[in-house]
Amino acid sequence: MAPRSPRMGSRMRPCVQPLTSRAASLKGTRLSQASTRAHAPSRARATSTTVSELGLFDFIGGDLIRPNIGTFMEDLEENLALAVYAPLEGGFEGRFVTSVSRAGYQILNLNARGLGDVEAYLTKVHGTRPPHLGRQPIQRFYEPGLANTILEAKGPGKEKGVCIWIGDGQVLSKLELSYLSSLTVENPNFKVVVERGPAREFKW
């Protein structure tokens with residue numbers, strides 16, 4: 001009997017292939033796709049850069065270093081009604097509102113959205129219907145014009161009159177804007193400032 005070969009007597013071990021050879025044999029699988037992607041050269045994306053011109057006013061704020069508050073007050077008292085444009089981030093118009101208040105005007109700050117009948121809300125007796133919330137009966141109350149009420153009850157140091165400052169004035173129609181302009185002519189105690197839209201700096 002022929003002697004047994006030591007190779008046959010030993011336990012058979014599975015043939016282990018390297019990862020690269022197995023990846024080559026498994027075509028169409030995720031492993032081969034991943035290895036192919038890993039060794040594929042990366043394509044450089046074309047990028048475009050837009051350069052915008054920035055000035056000193058974009059970092060500091062035009063109304064902080066530009067002495068135009070006095071000019072604003074002169075134009076307001078001369079024209080009686082102004083349309084202003086302010087940056088969308090807010091805060092720029094607040095310094096002008098404060099200057100108007102210091103000049104002796106009572107500020108009536110309103111928003112044009114949901115204002116309703118501008119003439120009736122400011123100067124005439126108009127009806128209001130508060131929400132009943134399902135418990136109170138539906139009623140209608142009548143109130144006098146808000147601008148006339150504030151003009152009659154203005155505090156000390158507000159002898160010049162009332163400044164009606166209206167935000168979101170871009171929703172007002174031309175008829176409503178013409179009424180606000182005529183209101184200041186009929187009663188010089190009223191001044192009107194309407195915010196008409198955005199701008200890079202505060203202007204009127």
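**View 1. Burial and contacts across the whole protein.** Of the 204 residues in this predicted model, 27% count as buried. There are 10 helices and 6 strands to find your way around. The accessible surface adds up to about 15000 Å², with 55% of that belonging to carbon and sulfur atoms. Take the contacts with a separation of 6 or more: 74% of them are between residues 24 or more positions apart.

**View 2. Strand 5 and its burial.** Here we zoom in on strand 5, residues 161–167. Count through the strand and 7 of the 7 residues turn out to be buried, so strand 5 is largely enclosed by the rest of the structure.

**View 3. The neighbours of strand 5.** Strand 2 (residues 105–111) runs parallel to strand 5, and 7 bridges join the two. To get your bearings in this pairing, look for Q106, whose bridge partner in strand 5 is V162. Strand 6 (residues 190–198) also pairs with strand 5, again parallel, through 5 bridges. A handy landmark for this pairing is C163, which stands opposite K191 in strand 6.

**View 4. From strand 5 to strand 6 by way of helix 10.** Follow the chain from strand 5 through helix 10 (residues 174–186) and on to strand 6, and you have traced a right-handed β-α-β unit.

**View 5. The E77–K160 salt bridge.** The count for the protein comes to 3 salt bridges, and one of them joins the side chains of E77 and K160, at 3.2 Å from N to O. This pair ties together distant parts of the chain, 83 residues apart: E77 sits in helix 6 (residues 69–79), while K160 is in the loop between helix 9 (146–152) and strand 5. E77 is partly exposed, at 36% relative accessibility, and K160 is partly exposed too, at 38%.

**View 6. The R113–D168 salt bridge.** The side chains of R113 and D168 meet at 3.3 Å, N to O, in a salt bridge. R113 lies in the loop between strand 2 and helix 8 (118–123), and D168 in the loop between strand 5 and helix 10, so to speak a link between distant parts of the chain, 55 residues apart. With 52% relative accessibility, R113 counts as exposed, whereas D168, at 26%, counts as partly exposed.

**View 7. The K124–E119 salt bridge.** K124 and E119 form a salt bridge, with their closest N and O atoms 3.0 Å apart. K124 is partly exposed, with a relative accessible area of 42%, and E119 is partly exposed at 31% relative accessibility.

Conventions:
Residues are numbered from 1 along each chain as its sequence is written. This is a predicted model: local features need pLDDT of at least 70, side-chain atom pairs count only at pLDDT 80 or more; totals for chains, interfaces and linings use all residues. Side-chain values use heavy atoms; hydrogens and water are left out. Buried means under 20% relative accessible area, exposed over 50%, partly exposed in between (1.4 Å probe, protein chains only). Helices (H or I, at least four residues) and strands (E, at least two) are DSSP runs, numbered from the N terminus. Two strands pair if DSSP finds at least two bridges between them. A crossover is right-handed if, with the strands pointing away from the viewer, the path from the first strand over the helix to the second runs clockwise. Contact means heavy atoms within 4.5 Å. Accessible areas come from the Shrake-Rupley method with a 1.4 Å probe; for residues, only the protein chains shown count as cover. A salt bridge is a side-chain nitrogen of Lys or Arg within 4 Å of a carboxyl oxygen of Asp or Glu.
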